Amino acid sequence: MIQFDFKKDCCGCGACIASCPVNAISWTNTDEGFHVPTVNEDICINCGKCDRNCPVLSDKEKALSASEIDVWMAANKNKEELSQSASGGVFYGIANNILQNSGVVAGVVWNESMQAVYSVSNQQSELEKMRGSKYVQALPQNCINEVLEYLKQGKKVLFSGTPCQIAGLIKCVGHPENLITCGIICEGVASPLVWKVYKECLENKFGSQLINAEMRSKCDGWSGGSSRYTFANEKQYIQKRCFSLDPYIAGFIEGLFNRPCCKECKFKGVSENCDFLIGDFWGFTKEQKAKNENRGMSTVISCTPKGKALWNELFEDFLCEQVSYELVCKSNNIEHSGHWAKNREEFLEKIEKQSSREFEKIVWTCSGKMLKKKLMKILQNIGILDIMQCFSKEL
Ligand SMILES: Cc1cc2nc3c(=O)[nH]c(=O)nc-3n(C[C@H](O)[C@H](O)[C@H](O)COP(=O)(O)OP(=O)(O)OC[C@H]3O[C@@H](n4cnc5c(N)ncnc54)[C@H](O)[C@@H]3O)c2cc1C
Ligand code: SF4
Ligand code: SF4
Ligand code: SF4
């Protein structure tokens, strides 16, 4: 029966739940708002499957070296597809190919309560919802067993998600030929409880239910970063320079409320678990940025023969160039864990106790960014930020 410090080390992939033959495991939430498994000892038959399939308890996958992988910078040539995606629209390009071949796609969507959840579907309309980064940990729901079922039927399945979620999936389903995995390069996932508090804060402010959150909207170009929140009463809240000025996104980037296991992530690096690893591409030159019209670029790593073969079929749909692994490692945390705020515990304690109206103040105080945020606001109001943006890759 699976047993370790869930609060600290569990990544919430649900491989244990998916593999339990007697449904003895269910989710509970930690006081920080992350889902962790709990075992009903009255039902457990001690078969040990949960231990064997837990990616945290298993040995780390062998890392692939730079000479074994192909690394690209890429942007979807279809401007409409590119504009709806978080960076270069690579996920959408791969996923469309799978759907066109009667396959199935798994990725993260907002559900009707605006919680991030993994969804498995063969519908184009569901694929549209998977686009865009949801900076909060997604609940796996029953995605592992749904994928297993489709694989058994011989369907092609594309599974996209965090590398830890993919590691859990692979422990349960292995490496069948009809499965393609697309890992999202990530520095961590945020607490669903903190997202809920922020959502309520926005709903109070705008007097209506939140119905969509675009945390990497391109409404003001890509590299500066904007967030756009849409409400049922048709109001919209757009925050330009969201990495610095949207309290939820700035707090996430600072590592104020990420899952504890992300602090020393066991799933960093490149392994055969992911046929593709995709993320933002920041190593562009001025000329490349101009050619791209600041619409977004992705890093694409094709890691396995399966990933390389599929990319060979697809790469003509992208403006792309092969680049070195060293170049992408300079600006992406592929090998190392991301930021971890020293005031994380203080932040989470305050958020639990105080009303959602205080959200913004608590973020800026605990991240030590109050002054920077005030200065940025002043610069934005007098238009200086827009001028600086022309000379900078990322502000
Ligand atoms: C939580 C999170 C952290 C990230 N951190 C980094 C980073 O540090 N460095 C970096 O280079 N890139 C990071 N990214 C990836 C980046 O934002 C883009 O998602 C990626 O470049 C793909 O862009 P795209 O245009 O091809 O895909 P899009 O069309 O935008 O598709 C988004 C893809 O991300 C998946 N996704 C969305 N939200 C989640 C979620 N909460 N959990 C799991 N999967 C999700 C969707 O299923 C879909 O496959 C992060 C993404 C997320 C979700
Ligand atoms: S040991 Fe077997 S029965 Fe018990 S919780 Fe784990 S998978 Fe379920
Ligand atoms: S299998 Fe996944 S959810 Fe279950 S204990 Fe291990 S890491 Fe946590
Ligand atoms: S940083 Fe590591 S543990 Fe955290 S979500 Fe990403 S892959 Fe999973």
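How do the residues lining the second largest pocket divide into nonpolar, polar and charged? Keep that in mind while you click around; we'll get there. One caveat before starting: this is a predicted model.

**Stop 1: ligand 2.** Select ligand 2, which sits in the largest cavity. Now show the residues around it: Met1, Cys20, Pro21, Val22, Ile25, Val39, Cys44, Ile45, Asn46, Cys47, Gly48 and Cys50. Colour that shell by class and you'll get ten nonpolar and two polar residues, with no charged ones.

**Stop 2: ligand 3.** Hop over to ligand 3, whose space is the second largest cavity. Its surroundings comprise 15 residues, and the closest ones to pick out are Cys10, Cys13, Gly14, Cys16 and Cys54. Colour by class again: 13 are nonpolar, two are polar and none is charged.

**Stop 3: the second largest pocket.** Next, select Cys261, Cys262, Lys263, Glu264 and Cys265. The second largest pocket holds about 530 Å³ of space, and of its 32 lining residues those five are the closest to its centre. Then bring up the helices: α1 (6–9), α8 (163–173) and α15 (344–353) are the elements that each give two or more residues to the lining. Of these, α1 gives the most, with three residues.

Back to the opening puzzle: the lining splits into 16 nonpolar, four polar and twelve charged residues.

**Stop 4: the domains.** Finally, give domain 1 (6–53) and domain 2 (66–189 + 259–331) separate colours. Why does the second largest pocket lie between them? Because both domains give residues to its lining.

Technical notes:
Residues are numbered from 1 along each chain as its sequence is written. Chains are lettered from A and ligands numbered from 1 in the order in which they are written. This is a predicted model: local features need pLDDT of at least 70, side-chain atom pairs count only at pLDDT 80 or more; totals for chains, interfaces and linings use all residues. Side-chain values use heavy atoms; hydrogens and water are left out. A residue is near a molecule or strand if one of its heavy atoms lies within 4 Å of it. On a 1 Å grid over the protein atoms alone, a cavity is a set of points where a 1.4 Å probe fits but cannot get out, and a pocket is an open set with protein on both sides within 12 Å along at least five of seven lines; lining residues have an atom within 4 Å of a point. A molecule sits in a cavity or pocket if more than half of its atoms lie within 2 Å of its grid points. Ala, Val, Leu, Ile, Met, Phe, Trp, Tyr, Cys and Pro count as nonpolar, Asp, Glu, Lys and Arg as charged, and the others, Gly among them, as polar. Grid points are joined across faces, edges and corners, and a volume is the space filled by probe spheres set on the points. Helices (H or I, at least four residues) and strands (E, at least two) are DSSP runs, numbered from the N terminus. Domain bounds come from an automatic or database domain assignment.
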